[in-house]
Amino acid sequence: MQTLNSQDIETFRDQGFLIIRKLFDADDIALLCHAFDYTLTLAARPDLPEDILRGRGDVHIHLQAPDGATGPAVRYIRKVQWPALLHPAFEAIRTSPIFAQLLAPLLGTSLKQYINQINFKIPGGDIAFPWHQDIRPTPAFTDQIDNYVQTIIAIDQATAANGCLHIVPGSHKLGNLKTTRYATGQIEQHVDVTTAVPCEADPGDVILFTSYTVHGSTPNTTDQPRRSYINGFVRAKSCTVGKWAFLNGQPIPITSDRDYHALRAKSSE
Ligand SMILES: O=C(O)CCC(=O)C(=O)O
């Protein structure tokens, strides 16, 4: 199993990001694809509770209709938060020993998780993520630059044409830019975004970056979807919020104050 070596850690600290190739294999990605399909059928259900559509709780199925769109809303699904509460494949990858082993040199072996999310860029959805940082709330997070790692697993091949993630190398060194997330033009007042690099990736590759790293992406202009699976991990002792992922290297099953059993996949689904 892969772990980060000293060169990886130096690159991560210096550039604010790192791409690990082939961290997850084709079997893992096939299971995740199945779980993405399940989530799409769920999102198409006409009886979805308003709390789920509005994100009043852990699970948020976020549908986005572009201006003037007439197609079914599910075509424009943008993201689902805490999908690990909906499908066992998302739970298995979130708490995979592959993540525990990879991240131990950066974060230790007791980790919490602040974000668990799947993103969809379905053709025609016009879904973009304008330049932003993933600043975590303080004082719940302490010293987040050293203790937080955002991870994005590529499910489909990610290319410039299908709206792959772009990152501005070194931008994390500017700290918290105190901009409004996704607000047009704000990040550009602090950062030369023309120096951004495309993070093209194959299925199973994982992009790691800090919460201060400036990143964003443009719409998918191809006729194939681009999907990704995001998990943000934090050293447990530097965070008072979130859900547990690993305690002393052992996976901790996900819990919620809410009851999602009616939406959860049976293992056969
Ligand atoms: O993968 C992408 O296109 C960007 C995702 C992102 O930055 C976000 O979900 O906030």
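Visitor: In which loop is Pro 139 found?
Guide: Welcome! Keep in mind that this is a predicted model. A cis peptide bond joins Thr 138 and Pro 139, with omega about 5°. As for its place in the chain, Pro 139 is found in the loop between β5 and α6 (144-147).

Visitor: Which residue in the loop between β5 and α6 has a positive phi, and is it buried or exposed?
Guide: Asp 143 is found in that loop, between β5 and α6. Its phi is near 50°, a positive value in a residue other than glycine. A residue counts as exposed if 12 or fewer other C-beta atoms lie within 10 Å of its own. Asp 143 has 10 such atoms, so the answer is Asp 143, and it is exposed.

Visitor: What about Asn 248: is it buried or exposed?
Guide: The place of Asn 248 is in the loop between β12 and β13 (250-251). Its phi is near 50°, a positive value in a residue other than glycine. Because Asn 248 has 9 C-beta neighbours inside 10 Å, it counts as exposed.

Visitor: How many helices and strands does the protein chain have?
Guide: Let us step back to the whole chain, which has 269 residues, 38% of them buried. Its C-alpha trace spans about 50 × 40 × 35 Å along the principal axes. The secondary structure comes to six helices and 13 strands.

Visitor: What is the radius of gyration of the protein chain, and what would a compact globule have?
Guide: For 269 residues, a compact globule would have a radius of gyration near 18 Å. The chain agrees with that value. Its own radius of gyration is 18 Å.

Visitor: What share of the contacts with a separation of 6 or more comes from residues 24 or more positions apart?
Guide: One example of residues far apart in sequence is Tyr 182 and Phe 129, which are 53 residues apart along the chain, yet are in contact. Across the protein chain, among contacts with a separation of 6 or more, residues 24 or more positions apart account for 82%.

Visitor: Which strands stand at the edges of the open sheet of four strands?
Guide: The order of this sheet is β5-β10-β7-β8, with antiparallel pairing. Each edge strand has a single partner strand, so one side of it is left without a neighbour in the sheet. The edge strands are β5 (129-132) and β8 (197-198).

Visitor: Which residue of β10 stands opposite Phe 129?
Guide: Two bridges join β5 to strand β10 (residues 215-217), and the two run antiparallel. Within this pairing, the residue opposite Phe 129 is Ser 217.

Visitor: Which residues are around the ligand, and how do they divide by type?
Guide: The shell divides into three nonpolar, five polar and no charged residues. Phe 129 and Ser 217, which stand opposite each other, both belong to the shell. The full set is Asn 119, Phe 129, Ile 152, Gly 163, Leu 165, His 215, Ser 217 and Ser 228.

Visitor: Which residues does Tyr 182 touch, leaving aside its neighbours within four places in sequence?
Guide: Tyr 182 is found in the loop between β7 (166-167) and β8. It counts as partly exposed because it has 13 C-beta neighbours inside 10 Å. Its C-alpha atom is separated from that of Phe 129 by 6.7 Å. The residues in contact with Tyr 182 are Phe 129, Pro 130 and His 132.

Visitor: How many bridges pair β4 with β11?
Guide: Strand β4 (residues 111-121) is mostly covered, as nine of its 11 residues are buried. Three bridges join it to strand β12 (residues 243-247), and three pair it with strand β3 (residues 77-81). With strand β11 (residues 226-235) the pairing is antiparallel, and there Ile 115 has Gly 232 as its bridge partner. The number of bridges between β4 and β11 is 10.

Visitor: Which residues does Leu 103 touch, not counting residues up to four places away in sequence?
Guide: Leu 103 is one of the buried residues of helix α5 (residues 97-107). In the largest nonpolar core, which has 64 residues, Leu 103 is among those that touch the most other members, together with Leu 111, Ile 207 and Leu 208. The residues asked for are Leu 111, Val 149 and Phe 233.

Methods. Residues are numbered from 1 along each chain as its sequence is written. This is a predicted model: local features need pLDDT of at least 70, side-chain atom pairs count only at pLDDT 80 or more; totals for chains, interfaces and linings use all residues. A residue is near a molecule or strand if its C-beta atom, placed from the backbone, lies within 6 Å of it. Ala, Val, Leu, Ile, Met, Phe, Trp, Tyr, Cys and Pro count as nonpolar, Asp, Glu, Lys and Arg as charged, and the others, Gly among them, as polar. A nonpolar core is a set of buried Ala, Val, Leu, Ile, Met, Phe, Trp, Tyr and Cys residues joined through C-beta atoms within 7 Å. A residue is buried if 20 or more other C-beta atoms lie within 10 Å of its own, exposed if 12 or fewer, and partly exposed in between; C-beta atoms are placed from the backbone. Two residues are in contact if their C-beta atoms, placed from the backbone, lie within 7 Å. The radius of gyration is taken over C-alpha atoms; the globule rule is 2.2 Å times the number of residues to the power 0.38. Two strands pair if DSSP finds at least two bridges between them.
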